[in-house]
Amino acid sequence: MERVPILKIGQTLFVSIQIDLQDDTVMRLQEDLADELAATGARGVIIDITAVEIVDSFIGRMLSMIGSISRLFDADTVIVGMRPAVAITLTELGLPLTGVRTALNAEKGLEILNGKS
Amino acid sequence: MDEVQIQSGNDVVRVRQQVRVVAAQNGLSLVDQTKLVTAASELARNTLVHGGGGVAKIEAVKSGNGRAGVKLQFSDEGPGIADIDLALTDGWTTGSGLGLGLSGSRRLVDEFQLNSKPGAGTSVVVVKWSR
Amino acid sequence: MDAGGTGTRMADYLRDHHDKVIGRWSELVTAGVRGRTSLEEVRREFGELYSLIVRVLSNADEHAPGELRAALDELSRGRARDGFTPSETALGVFSLKEAVYELVADAADMVPEFLAFSRMIDDLGLRTFESYSAAREEIISDQATAMLELSTPVVRLWEGIIAVPLVGTLDSARTQLVMEKLLDTLVATGADHAVIDITGVPTVDTEVAQHLLKTVTAARLLGAECTISGIRPQVAQTIVSLGIEFGDIATKASLADALALALRQAGLKVVPAE
């Protein structure tokens, strides 16, 4: 199974999802992020989904859960780079994507995170 | 027509990829492709998780007035759905989040047909037309 | 189009009386369209059809039926484009029966042949009606798409602020297009604020409100904040009486107010020049 790499830059954890997401990959990511947050005390998580073509309700819920888990470690999560087609589909699907902020790109995502700390 | 066996998470990914290919070949716009593939992902996952595995059929179709479209069928021999109306309302869950799967998918496609009986498996047929 | 004796006899008959029948047919068709086409043009168009009909009747080759169908569809489309009604085209085809009847009226032995022939012509005439409908549907659909595209511009108001002035009803088709254009523009410009102006939307009911809500939700997923402007007084009253809630989406009376809000949120201030 492929694992999504997590980069630490300063107080922020960066995750860039480049692959077609399988269910267990997302669940693994959740676990890995929890481990990293606990180990590093990072204050923010940026998940870049620029390359993600499909976000269904399972993946959407996983992203929300990642947001909630990060919150428990006093960290904020920003999802960046959502494609227009994905945003339109998620809206139609009715998935609320709670627990996370969203931004156009990593740069703006960082602005949000820094604005908050 | 393509047939994909759904027995693992890997297969759900394969279904997505195959649906994407057929949707693109049949003139669906990028947004419509995304909607259809997302619906397929939901339905394929249902087949796997709640139906105990099953099969997906992907077919290119043509409407009465010549429009191209894609028809998907997901069938399993699982426990079936007892209350279909309930299953089609937003936010319904059994255990691990069947949740928005069915009602959400319905909004993403043009035609949606669900047949299911407890003990007799489930079949979902959806169609999305090009514009 | 039957095989064997019945068709071939009629085919021979039509071949033998070629000029007479085509002549009479063309006359009838031209009279039917009241001079909008010349006799010569009709002779040409329908002459081709005539030969194909004869070929099909004589069951000579397997391609004939397909070619006849294609020729009919071609005729239908051309007529549709030129503004003829489908009845006019169909009646034109039907009048071949009249032309042939006038000539076989006295031949009692031709009755079964004529009957079969007549049924065939009926089918052909009906087919022109169907192709006409299909052609019109296509034209209407293309025009609708073109109109939709034209009436959904997305404009840049300021650095980081874009506006979508909506004119006309906001139905689901329009909403899809608005969402796509708005989001694509957000990505292209990196804007973080969008103003959706509904001054030009005649009615705002629950459905329209839901479409607006969807659009705002989608834009927010791309990190943009939205303001809805152009709320007219009557519209405001309708919204409240329908119990529509815009929740945390800012709404303003005019585009100007919305721009001021967006600038404020962007940390900008407009001051008089020195």
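## Helix crossings and chain shapes

The crossing of helix H2 and helix H4 in chain B is left-handed, a term for a near helix turned anticlockwise from the far one by less than a right angle, whereas a clockwise turn is right-handed. The structure is a predicted model, in which local features need pLDDT of at least 70 and side-chain atom pairs count only at pLDDT 80 or more, while totals for chains, interfaces and linings use all residues. Residues are numbered from 1 along each chain as its sequence is written, and chains are lettered from A and ligands numbered from 1 in the order in which they are written.

**Exercise 1. Describe how H2(B) and H4(B) pack, and which residues make their contact.**

Step one is to place the two helices: H2(B) covers residues 30–49 and H4(B) covers residues 101–108, and their axes come within 9 Å and cross at roughly 155 degrees. H2(B) is therefore roughly antiparallel to H4(B). Axes here are lines fitted to C-alpha atoms, for helices over the stretch in contact, with angles from 0 to 180 degrees between N-to-C directions; angles under 35 degrees count as roughly parallel, over 145 as roughly antiparallel, 65 to 115 as roughly perpendicular and the rest as oblique.

Step two is to list the residues that meet. H2(B) contributes B:Lys35, B:Leu36, B:Thr38, B:Ala39, B:Glu42, B:Leu43 and B:Asn46, and H4(B) contributes B:Gly101, B:Gly104, B:Ser105 and B:Leu108. By class, the residues of this contact are four nonpolar, five polar and two charged. Two residues are in contact if their C-beta atoms, placed from the backbone, lie within 7 Å; Ala, Val, Leu, Ile, Met, Phe, Trp, Tyr, Cys and Pro count as nonpolar, Asp, Glu, Lys and Arg as charged, and the others, Gly among them, as polar.

**Exercise 2. Work through the packing of H3(C) with H4(C) by the same steps.**

Begin with the geometry: H3(C), residues 39–57, and H4(C), residues 64–81, have axes that come within 9 Å and cross at roughly 155 degrees. This angle makes H3(C) roughly antiparallel to H4(C), and their crossing is left-handed.

Continue with the residues. On the H3(C) side the contact is made by C:Glu45, C:Glu48, C:Leu49, C:Leu52, C:Ile53, C:Arg55 and C:Val56, and on the H4(C) side by C:Ala64, C:Pro65, C:Glu67, C:Leu68, C:Ala71 and C:Leu75. Sorted by class, they give nine nonpolar, no polar and four charged residues.

**Exercise 3. Follow H3(A) into its contacts with other chains.**

First take the contact of chain A with chain B, which draws 18 residues from chain A and 21 residues from chain B. On the chain A side, the elements that give two or more residues are H1 (23–40), H2 (57–72) and H3 (84–93). Of these, H3(A) gives the most, with six residues. The chain A side as a whole has seven nonpolar, four polar and seven charged residues.

Then turn to chain C, where H3(A) packs against H8(C), residues 206–221, at an angle of about 135 degrees and with the axes 9 Å apart. H3(A) is therefore oblique to H8(C), and this crossing is right-handed. In it, A:Ala87, A:Ile88, A:Leu90 and A:Thr91 meet C:Lys214, C:Thr217, C:Ala218 and C:Leu221. These residues divide into five nonpolar, two polar and one charged.

**Exercise 4. Is chain C compact or spread out? Take chain A and chain B before it.**

Start with chain A, which has four helices and five strands; helices (H or I, at least four residues) and strands (E, at least two) are DSSP runs, numbered from the N terminus. Along the sequence chain A reads β-β-α-β-α-β-α-β-α. Its radius of gyration is 13 Å, close to the 13 Å that the globule rule gives for 117 residues, so chain A is as compact as a globular protein of that length. The radius is taken over C-alpha atoms, and the rule is 2.2 Å times the number of residues to the power 0.38. The C-alpha trace of chain A spans about 35 × 35 × 20 Å along its principal axes.

Next comes chain B, with four helices and five strands, which run β-α-α-β-β-α-α-β-β from the N terminus on. For its 131 residues the globule rule gives 14 Å, and the radius of gyration of chain B is close to this at 14 Å, so chain B is as compact as a globular protein of that length.

Finally, chain C has 10 helices and five strands. Its radius of gyration is 32 Å, well over the 19 Å that the globule rule gives for 274 residues, so chain C is more spread out than a compact globule. Its C-alpha trace spans about 100 × 40 × 35 Å along its principal axes. The domain assignment, automatic or from a database, gives chain C domain 1 (5–145) and domain 2 (155–265), and 55 Å separate the centres of these domains, taken over C-alpha atoms.
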